[in-house]
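Me: Please choose one strand of this structure and take a close look at it, describing how it is held among its neighbours. I would like one connected account, with the cut-offs behind each term.

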Amino acid sequence: MRSIETTTPANPMAGPHGYTLPLSPSGGSAMVTPPPWHFSGDVIMVDYRVDPAAAARFLPPELEPGPDPGEAAAIFAEWQWCSESGAELADPARCRFAEFLILISCRYRGRHLARCPYAWVDSPVPLMRGWIQGMPKQFGTVHQIRPVAVGRAGPRLAGGGRFGGVLSVDGRRTAEATVTLDGRIDRPPPLHTVPLVHTRLFPSWVPSEAPLNRLVVSEVTDIEFSDIWAGSADLRLLDVPDADLAGLAPVEVGRGYVFSYAETLHHGRPLTDDDR
């Protein structure tokens with residue numbers, strides 16, 4: 001029987017490679033490009049309170065409830081993004097996505113952080129990018145009202161402007177919010193100014209290998225806020241897919257906010273780096 005010889009390329013990069021799957025000879029077929037990633041978006045945010053005991057059950061042992069244990073927020077956002085090259089901006093279908101997420105307040109060794117127990121996006125690239133970061137992103141359908149500068153087919157960023165957002169999951173209306181503006185404020189909403197702590201979780205596929213399970217925080221720069229408008233708000237969780245999410249339903253709804261936001265996301269680092 002004729003033997004088959006195998007050789008290892010002198011240059012490992014001569015084989016298929018990429019930042020993520022799929023691998024290809026040039027690396028250009030990767031679903032997600034390497035960071036940094038730049039984001040600019042329009043945000044509708046509602047502060048609310050949850051049952052502190054329910055929120056605590058979403059925190060890993062290393063984290064403890066925040067200074068206000070029931071503090072939470074719901075965020076609708078429409079994003080435009082690009083990698084460092086800006087190539088994605090040539091394709092609007094590629095560089096735009098919508099998102100809904102929930103934040104709860106937490107602390108690590110006294111440092112105020114926010115934890116995202118649930119998030120939904122409407123496009124596969126931000127879904128995969130979220131998993132790389134440790135964000136628990138799922139598929140959903142997200143829509144929100146955006147401000148208009150002319151005409152009557154939408155609200156203005158002014159007193160009386162009424163904005164709304166809706167999340168649907170598997171065809172079920174799962175969350176909805178409205179914000180009616182009454183004036184501008186000087187400071188961003190509290191949970192939009194603290195670092196997010198995520199769990200990078202990848203289960204073991206090879207039985208001899210341990211799963212990856214690590215708390216990380218994201219390194220961001222170039223943070224910008226537009227004028228921030230605030231007002232009265234309403235928030236409802238409706239036909240939720242599981243009882244755990246139902247536990248994060250509002251027990252009290254606070255203020256709502258409408259603004260634009262931008263940041264550059266560079267990478268993550270272990271939360272334990274803060275111990276140094």
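Reply:
**One strand and its surroundings**

Of the 276 residues in the chain, 43% are buried, where buried means under 20% relative accessible area, exposed means over 50%, and partly exposed covers the range in between, with a 1.4 Å probe and protein chains only. The model is predicted, so that local features need pLDDT of at least 70 and side-chain atom pairs count only at pLDDT 80 or more, while totals for chains, interfaces and linings use all residues. Residues are numbered from 1 along each chain as its sequence is written, and side-chain values use heavy atoms, with hydrogens and water left out.

The chain holds four helices and 13 strands, these being DSSP runs numbered from the N terminus, with at least four residues for helices (H or I) and at least two for strands (E). Along the principal axes, its C-alpha atoms fill a box of roughly 80 × 45 × 40 Å. Contact means heavy atoms within 4.5 Å, and among contacts between residues at least 6 apart in sequence, 66% join residues at least 24 apart.

The strand chosen here is E5, residues 111–121, which is largely enclosed by the rest of the structure because nine of its 11 residues are buried. Its neighbours can be taken one at a time, with two strands counted as paired if DSSP finds at least two bridges between them. With strand E4 (residues 96–108), E5 pairs in the antiparallel sense over nine bridges, and one of the bridge partners is Arg 111 in E5, which stands opposite Tyr 108. The two strands form a hairpin with two residues between them, and in that turn Arg 109 has a positive phi of about 50°.

Two other pairings run in the parallel sense. E5 is joined to strand E10 (residues 196–202) by two bridges in a parallel arrangement, with Ala 114 opposite Leu 196 in E10. Strand E6 (residues 137–139) also pairs with E5 in the parallel sense, over three bridges, and there Ala 119 has Lys 137 of E6 as its bridge partner.

Lys 137 also brings E4 back into the picture, for its side chain forms a salt bridge with Glu 99, the closest N and O atoms being 3.1 Å apart; the term requires a side-chain nitrogen of Lys or Arg within 4 Å of a carboxyl oxygen of Asp or Glu. Because Lys 137 lies in E6 and Glu 99 in E4, the pair ties together parts that are 38 residues apart in sequence. Lys 137 and Glu 99 are both buried, and by the rule just given the count of salt bridges comes to 12.

The side chains on the hairpin can be followed through Leu 101, a residue of strand E4, which is buried because its relative accessible area is 9%. Leaving aside neighbours within four places in sequence, Leu 101 is in contact with Cys 116, Tyr 118 and Ala 119, and also with Ala 73, Ala 74, Ile 75 and Met 135. By contrast, Val 148, 47 residues from Leu 101 in sequence, is 24 Å away in space, C-alpha to C-alpha.

Cys 116 raises the matter of disulfides, a disulfide being a pair of cysteine sulfur atoms within 2.5 Å. A search of the whole structure finds zero of them. Cys 116 is in none, since the nearest cysteine sulfur, that of Cys 106, is 11 Å away, and Cys 116 counts as buried because its relative accessibility is 5%. The sulfur of Cys 82 is likewise too far for a bond, because the closest cysteine sulfur, in Cys 95, is 7.9 Å away. Cys 82 too is buried, with a relative accessible area of 11%.

For a contrast with this enclosed strand, one may turn to the surface. Trp 131, in helix H3 (residues 124–133), is partly exposed because its relative accessible area is 41%. Together with Phe 202 and Leu 212 it forms a nonpolar surface patch of about 270 Å² of accessible area. Patches are made of residues with over 30% relative accessible area and no salt bridge, like charges being joined within 9 Å and nonpolar side chains (Val, Leu, Ile, Met, Phe, Trp, Tyr) within 5 Å. Accessible areas come from the Shrake-Rupley method with a 1.4 Å probe, and for residues only the protein chains shown count as cover.
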